[in-house]
Every structure is written in C-alpha cells, then in structure tokens.
Amino acid sequence: MSRGVVVKGWGIGLPEKVVTNDDLTATLDTSDEWISQRTGIRERRIGGTTSSLAIEAGRRAIESAGLLAADISTVVLATTTPDAIVPGTAATVQDGLGIVGGAFDVNAACSGFVYGLVVAAGLAAVGSGRVLLIGSDTLSRITDWDDRTIAVLVGDGAGAVVLEPVEGPGALLSWNLNADGSLRHLLKCDHGGYLYMDGKEIFRRAVRMVVESAQQALDDANIKAGDVDMLIPHQANLRIIQAACQRLGIPEERTAVVIDRYGNTSSASIPLALDDALKTGNIKDGSTLLLTGFGGGMTWASAVLKWGR
Ligand code: UT7
C-alpha cells in the first residue's frame with residue numbers, strides 16, 4: 001500500500017513593518033499609480049530574517065494542527081534567500097522550534113513551495129513521519145533599494161503547512177516540476193550581489209509556463225478547470241495571474257490574490273495566498289486546490305491538492 005500526505009495545519013509569519021507605494025516614492029522615481037497599475041502591488045511587509053519568519057510560520061502551523069514540535073520528523077524549508085550559505089536555514093528553524101529530526105533547504109526560487117510539497121510527499125512515501133514544509137523569503141535583503149525596477153516588487157514573509165503521512169494516495173492528486181537552466185540569466189543574484197531580473201522576458205514566458213503546467217496537473221488528476229475551487233498562484237504580478245486565470249478558464253473570484261498586500265515574496269507567496277483564502281472562507285474541507293509557481297532558474301511547477309484534515 002502506498003503512502004500519501006494530508007495537510008493537518010498551516011500558519012504564516014510576516015514582518016510588522018508595512019511599506020506602501022507612497023513610502024517608496026520618497027526615495028525612488030516611481031509612483032503609486034505605476035506600481036499598482038503595472039503589478040497590482042499596493043504595499044509590502046519588510047523585515048526579519050528568513051529563519052525568524054519561518055519559525056513564526058512553522059510554530060503557527062504546528063499549533064493549528066493541534067500538535068507539538070516533537071510530533072514533526074522533518075523540516076523542509078523552501079527559500080531562495082537563506083540566512084547564510086552554510087548552514088542551511090532549515091537547521092536554524094529546526095533548532096528554533098525544538099524539532100528533533102532532519103532539516104534541509106530546497107531552492108527552486110518562486111516555485112520552491114510546490115517543489116517542497118512534492119519532496120514532502122516523497123518523504124512520506126518512503127516512510128517518514130510528519131513533515132513541516134515552510135516557504136520563507138526575505139528578498140528585501142538582496143534588493144538594491146535604489147533600483148526602482150526591483151525595489152517596488154519585493155516583500156518579505158513566510159508560510160507553512162504540516163503534512164501528515166496517510167495510507168493510500170493522500171491529498172496530492174498530481175504534480176509536475178519543471179526547469180530550464182538555459183534561462184538562468186533572466187533572474188539571478190550572484191554571491192554578494194543584488195537581485196537582477198529581466199521582467200519583460202519573464203512576463204512573456206511566465207503566462208505560458210503557468211498555463212501549460214497547471215493544465216498538465218489538472219489533466220493528470222483528471223479534473224476540469226471548472227471543478228477547481230481555488231487557484232493558488234505565485235504572486236509576482238496581478239496581470240500574470242489574471243492572464244493565467246483567463247486562459248485556464250478559472251474565474252478570478254476563485255483565485256487567491258495577496259500581491260496587493262505582500263508584493264512578491266518568492267517561496268512564501270503561495271502559502272501566504274493559501275492562508276488568505278482559508279481565512280476568507282474560500283477553502284473548505286474537500287476543496288480542490290490548484291497550486292502553481294514560476295521563477296528563477298527558470299523553474300515552474302504545479303500541483304493539485306485536495307484540502308481537508
Ligand atoms: O517572481 C519571479 C518572476 N518575476 C516576474 O514574474 C516578473 C515579471 N515581470 C513583470 O512583472 C513586469 O515586467 C514588471 C512589473 C517588472 C515591469 O512592468 P512592465 O510593464 O514590463 O514595464 P517595463 O519594464 O516595460 O517598463 C515600462 C516603463 C519603462 O519606461 P520607458 O522605457 O517606457 O520610458 C521603465 O523605465 O516603466 C519604467 N519603469 C518604471 N516607472 C516607474 C520601470 N520601473 C518603474 C517604476 N516606476 N518602478
């Protein structure tokens with residue numbers, strides 16, 4: 001009998017400091033109008049470290065599952081902004097939460113949370129205990145705050161889920177992971193440098209990647225777009241999200257959007273959007289969720305997840 005996973009709990013961690021578009025105009029040649037019209041972003045949270053935000057999100061996820069740190073066997077941390085090159089930031093999170101077991105980072109940029117979900121399901125399949133999966137990023141730390149092409153886009157945050165092994169297929173109904181390293185020049189940050197992005201080129205490719213991989217995940221799960229209760233996309237640009245919804249045939253009211261409040265938080269954006277959809281009552285037990293992300297690498301990935309503890 002194979003083993004799958006179900007989601008037992010979730011939580012988020014956010015810096016307290018809110019930076020509005022108007023705040024940015026004090027130091028950058030930009031405007032609230034440009035940022036909100038071109039990206040959908042109105043404000044973002046800035047501050048903390050990748051580990052501190054991850055610990056907050058992880059603690060809440062464990063609490064919401066009605067569990068203790070001792071009930072978790074592995075920490076999988078999706079991040080593209082680790083606190084240090086060595087050690088992996090997951091080790092700091094494991095220590096901070098008092099978890100006994102394995103801990104490692106997964107770096108697939110903004111696709112990291114979906115990659116991490118598949119890794120966690122794979123761990124369960126080979127016999128692990130509960131996995132704490134966290135997406136946490138502090139893009140503000142690798143941002144040149146004098147570069148208006150990047151500074152207006154980024155935000156910091158974290159989101160986590162507790163995944164519990166179950167007998168049978170579990171909640172992850174289908175998934176696909178994709179990468180094309182020949183496009184790595186489009187979004188990068190060298191050691192000691194700042195984030196660089198060819199926004200136009202990524203925009204052009206992102207919609208197609210998202211639509212193809214999301215549709216593949218739906219086909220593999222034998223689910224029609226009309227039966228998706230909530231699309232949980234990576235939050236990089238509202239226009240990308242809208243274009244993807246339209247092409248997939250999923251109405252915008254069944255799409256989780258938090259980019260207006262948090263900006264682009266990379267690995268954290270999907271779990272932050274998931275948390276928002278849960279809080280607003282748009283996800284219930286038995287809901288069918290379509291998660292889809294894309295980003296540096298380039299990487300892109302989608303998964304169909306059945307909600308319910
Ligand atoms: O999560 C990782 C994946 N990343 C993405 O998915 C990002 C995808 N790309 C995008 O979201 C968009 O390409 C951006 C939001 C980054 C840029 O929007 P755009 O509509 O592609 O604008 P653009 O780069 O074509 O720039 C248009 C104009 C330029 O001026 P000119 O050449 O028309 O005179 C820019 O210099 O807007 C100017 N501009 C700005 N103006 C005010 C660029 N940044 C700003 C700014 N404020 N912050």
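These legends go with a set of close-up views of a predicted model.

**View 1. Two domains, side by side in one chain.**
The domain assignment splits the protein chain into domain 1 (3-167) and domain 2 (172-306). Taken over C-alpha atoms, the centres of domain 1 and domain 2 are 15 Å apart. There's plenty of contact to look at here: 46 residues of domain 1 touch 44 residues of domain 2. Two of the views below, the largest pocket and the second largest cavity, pick up this pair of domains again, since each lining draws at least three residues from domain 1 and at least three from domain 2.

**View 2. The largest pocket and what lines it.**
This pocket has a volume of about 1300 Å³, and 47 residues line it. If you want to find its centre, look for Ile150, Leu187, Lys188, Leu195 and Met197, the lining residues that lie nearest to it. The elements that put two or more residues into the lining are α2 (32-39), α6 (148-151), β9 (187-188), α7 (199-221), α8 (238-248) and β12 (288-295). Of these, α7 has the largest share, with four residues. By class, the pocket lining is a mix: 22 nonpolar residues, 17 polar and eight charged. Both domain 1 and domain 2 take part, with at least three lining residues from each.

**View 3. The largest cavity, with α8 and β12 in its wall.**
Now for the enclosed spaces: the model has two cavities of 30 Å³ or more. The largest cavity holds about 40 Å³ of space. Its lining is made up of Val210, Pro233, His234, Ile240, Ile241, Ala244, Thr292 and Phe294. Both α8 and β12 supply at least two of these residues, and α8 gives the most, with three. Six of the lining residues are nonpolar and two are polar, while none is charged.

**View 4. The second largest cavity, lined by nonpolar residues from both domains.**
About 40 Å³ of space sits in the second largest cavity. Around it you'll see Val7, Phe113, Leu117, Val161, Leu163, Leu274, Leu289, Leu291 and Leu305. That makes nine nonpolar residues, with no polar and no charged ones. At least two lining residues come from each of α5 (112-125), β7 (156-167) and β12. Domain 1 and domain 2 each give at least three residues to this lining.

**View 5. Helix α4 and its buried side.**
Helix α4 runs over residues 89-97, and its buried residues are Thr89, Ala90, Val93 and Leu97. They sit on the same side of α4, because they cover an arc of only 100° around the axis. Among the elements covering these buried residues are α3 (50-64), β4 (72-78), β5 (102-106) and β6 (130-138). Just after the helix comes glycine 98, with a positive phi near 75°.

**View 6. Helix α10, mostly covered.**
In helix α10 (residues 269-279), ten of the eleven residues are buried. The buried set is Ser269, Ile270, Pro271, Leu272, Ala273, Leu274, Asp275, Asp276, Ala277 and Leu278. Quite a few elements pack against these residues: β1 (3-13), α5, β7, β11 (230-233), α9 (259-262) and β12. Leu274 also turns up in the lining of the second largest cavity. Following α10 is glycine 281, where phi is positive, near 75°.

**View 7. Glycine 192, out in a loop.**
Look for glycine 192 in the loop between β9 and β10 (196-197). Its relative accessibility is 88%, so glycine 192 counts as exposed. For a sense of distance, take alanine 121, which is 71 residues away along the chain. The C-alpha atoms of glycine 192 and alanine 121 are separated by 34 Å.

**View 8. Alanine 108, a buried loop residue.**
Alanine 108 is in a loop too, the one between β5 and α5. With a relative accessible area of 4%, alanine 108 falls under the 20% cut-off and therefore counts as buried. Setting aside neighbours within four places in sequence, alanine 108 is in contact with Tyr115, Gly296 and Thr299. Proline 165 is 57 residues away along the chain, and 24 Å lies between its C-alpha atom and that of alanine 108.

Terms used
Residues are numbered from 1 along each chain as its sequence is written. This is a predicted model: local features need pLDDT of at least 70, side-chain atom pairs count only at pLDDT 80 or more; totals for chains, interfaces and linings use all residues. Side-chain values use heavy atoms; hydrogens and water are left out. On a 1 Å grid over the protein atoms alone, a cavity is a set of points where a 1.4 Å probe fits but cannot get out, and a pocket is an open set with protein on both sides within 12 Å along at least five of seven lines; lining residues have an atom within 4 Å of a point. Grid points are joined across faces, edges and corners, and a volume is the space filled by probe spheres set on the points. Ala, Val, Leu, Ile, Met, Phe, Trp, Tyr, Cys and Pro count as nonpolar, Asp, Glu, Lys and Arg as charged, and the others, Gly among them, as polar. Domain bounds come from an automatic or database domain assignment. Buried means under 20% relative accessible area, exposed over 50%, partly exposed in between (1.4 Å probe, protein chains only). The arc is that of the directions from the helix axis to the C-beta atoms. Contact means heavy atoms within 4.5 Å.
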